[in-house]
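Please look through the sequence and the model that follow, and keep both at hand while reading. The paragraphs below move from individual side chains to a helix, then to the surface and to a database record.

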Amino acid sequence: MQLTSDPARREVTPLELFFDLVYVFAIGQLSHRLLVHPTWTGAAQALVLYLAVYAAWAYTTWAVTLVPAEDPRTRRMLLGVMLAGLFMNAAIPRAFGDAGWVFVATFLLIHIGRTVWLLTVGPSASTRLIRSTSSASWSGSSGPHLCG
């Protein structure tokens, strides 16, 4: 597997655009949550949820820049993250209530699954170690989400 030679010249695929739409849905959910809970506590909760959503989106888009989206294994990973992301985003309105476990479980599934994917599909052994370490740190730092 080769890295994309010139990432600036690579065209965006329809699947990547659809992936972004899943996270546009999340921003809508977060905005609605903030409208329903217009307090400082509600704002803090929305910020915590936003950071989790942003981490899932940012690290997945970063991973797709390493292995092109045209690769069938990348497409399968993107579809899996989109499916888990839809469940995670649907749980946002009740993430600090009875649906908190859905949000956290899908958050962990996205990060751990993407880490495993990078370990198996990543371009070289030396860069796999660096990427898995950074991805594992995100997976390990989800303790506050579990406790919250």
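What is the relative accessible area of R73, and how is R73 classed on that basis? In this predicted model, R73 has a relative accessible area of 33%, and because this value falls between the cut-offs of 20% and 50%, R73 is classed as partly exposed. The side chain of R73 takes part in a salt bridge with that of D71, at a distance of 3.2 Å from N to O. Its partner D71 has a relative accessibility of 11% and therefore counts as buried, since the limit for that class is under 20%.

The count of salt bridges comes to two, and another pairing joins D98 to R94, where the closest N and O atoms are 3.4 Å apart. Here the acidic residue, D98, is exposed, because its relative accessible area is 54% and the exposed class begins at values over 50%. As a general point, side chains of opposite charge can pair when their charged atoms come close.

From these pairs the description turns to helix α1, which covers residues 14-36. Its 23 residues, at 1.5 Å a residue, should span 33 Å, and because the C-alpha atoms at its ends are 33 Å apart, the expected and modelled values agree. Along α1, the buried residues are L15, E16, F19, V22, Y23, A26, Q29, L30 and R33, a list that includes the charged side chains of E16 and R33. The buried residues of α1 pack against three other helices, namely α2 (40-66), α3 (72-90) and α4 (100-121).

On the surface, I27, L47, Y50, L51 and Y54 make a nonpolar patch of about 470 Å². Helix α2 supplies the largest share of this patch, with four residues. L47, one of the patch residues, is found in α2 and counts as partly exposed, because its relative accessibility is 49%, which lies under the 50% limit above which a residue would be called exposed.

Finally, the helices can be set beside the annotation. An unreviewed UniProt entry lists residues 12-31, 43-65, 77-96 and 102-121 under "transmembrane region". In the model, residues 12-31 are 90% helix and 0% strand, with their end C-alpha atoms 27 Å apart. For residues 102-121 the end C-alpha atoms lie 28 Å apart, and this span is 100% helix and 0% strand.

Notes:
Residues are numbered from 1 along each chain as its sequence is written. This is a predicted model: local features need pLDDT of at least 70, side-chain atom pairs count only at pLDDT 80 or more; totals for chains, interfaces and linings use all residues. Side-chain values use heavy atoms; hydrogens and water are left out. Helices (H or I, at least four residues) and strands (E, at least two) are DSSP runs, numbered from the N terminus. The expected span of a helix is 1.5 Å times one less than its number of residues. Buried means under 20% relative accessible area, exposed over 50%, partly exposed in between (1.4 Å probe, protein chains only). Contact means heavy atoms within 4.5 Å. A salt bridge is a side-chain nitrogen of Lys or Arg within 4 Å of a carboxyl oxygen of Asp or Glu. Patches are made of residues with over 30% relative accessible area and no salt bridge: like charges are joined within 9 Å, nonpolar side chains (Val, Leu, Ile, Met, Phe, Trp, Tyr) within 5 Å. Accessible areas come from the Shrake-Rupley method with a 1.4 Å probe; for residues, only the protein chains shown count as cover. UniProt positions are given in the numbering used here, feature names are shortened, and annotations may be inferred rather than shown by experiment.
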